[in-house]
Amino acid sequence: MTASRSATANGIGSPQTKVGGLKGRYLRLCYELGYLPKYRQKPNSVHHLLKDEIMKMDEISRQTRFLCRENITTAEELQLSTEHRQQEVERLTVKRDELRKEIRRKIPVEQKELCKAQISEITGQLKLLREELKLCEGIRQRSEEIREKLEVIDKEERKEMSR
């Protein structure tokens, strides 16, 4: 990330951090859609290329929060994150299956209850990991679309500015 100076509303420069990559694309999309109101300049105007994205705003919002929380900025980082989560899902699934087999054995009731509690905890972790894997896949699929749409918007804005 690089620091740059840009003018603020009152004309005084302030240091801002420039965010690029996937994270930057998703944040910019949120700004363009008006979801992040800090930069919303035209409250009733949304670019025609982005109107269908408004319908998917909840999913885009979850994806953006995931990218920011995990500090993922490149496709390679996203791929590593996906692989790590997939390995964790596999590891937890094996552990849960072992605990289920343990319950079927003749063991004391207290130990069965302990195993059931562990299974329940692992199931909760698996649910969260699978949701994150779904977000990763959605980000991977949507990121190229977003890049293309934002490029078209930038070209149209440059045309308007040159008039």
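Is Arg 105 buried, partly exposed or exposed, and at what relative accessibility? The legends below take up this residue and others in a predicted model.

**View 1. Glu 102 pairs with Arg 105 in a salt bridge.** The closest approach of the two side chains, N to O, is 2.8 Å. Arg 105 counts as partly exposed, because its relative accessibility is 46% and the exposed class starts over 50%. Glu 102 is also partly exposed, at a relative accessible area of 21%. That value falls just outside the buried class, because buried means under 20%.

**View 2. Arg 69 and Glu 132 form a salt bridge between two helices.** The N to O distance is 3.5 Å. Arg 69 belongs to helix α3, which spans residues 57-70. Glu 132 belongs to helix α5, residues 109-162. The partners are 63 residues apart, so this pair links distant parts of the chain. Their surroundings are unlike. Arg 69 counts as exposed, because its relative accessibility is 53%. Glu 132 counts as buried, because its value is 10%.

**View 3. Arg 85 reaches Glu 70 through a salt bridge.** The closest N and O atoms are 3.3 Å apart. Arg 85 sits in helix α4 and Glu 70 in helix α3, so the contact ties together parts 15 residues apart in sequence. Here the arginine is the buried partner, with 7% relative accessibility. Glu 70 is partly exposed, at 32%.

**View 4. Four charged residues share one salt-bridge network.** Its members are Arg 69, Glu 70, Arg 85 and Glu 132. Shared partners in salt bridges join them. The pairs Arg 69 with Glu 132 and Arg 85 with Glu 70 appear in the views above. Across the whole structure, a search finds 10 salt bridges.

**View 5. Confidence differs between strand β1 and helix α4.** The protein averages a pLDDT of 81. Of its residues, 77% score at least 70. Confidence is highest in helix α4, residues 75-104, with a mean of 95. It is lowest in strand β1, residues 2-7, with a mean of 39. Residues 1-13 have pLDDT below 50. In the model, this stretch still has 20 contacts beyond near neighbours in sequence. Where pLDDT is low, predicted coordinates should not be read in detail.

Methods: Residues are numbered from 1 along each chain as its sequence is written. This is a predicted model: local features need pLDDT of at least 70, side-chain atom pairs count only at pLDDT 80 or more; totals for chains, interfaces and linings use all residues. Side-chain values use heavy atoms; hydrogens and water are left out. pLDDT is the predictor's confidence in each residue, from 0 to 100. Helices (H or I, at least four residues) and strands (E, at least two) are DSSP runs, numbered from the N terminus. Contact means heavy atoms within 4.5 Å. Buried means under 20% relative accessible area, exposed over 50%, partly exposed in between (1.4 Å probe, protein chains only).
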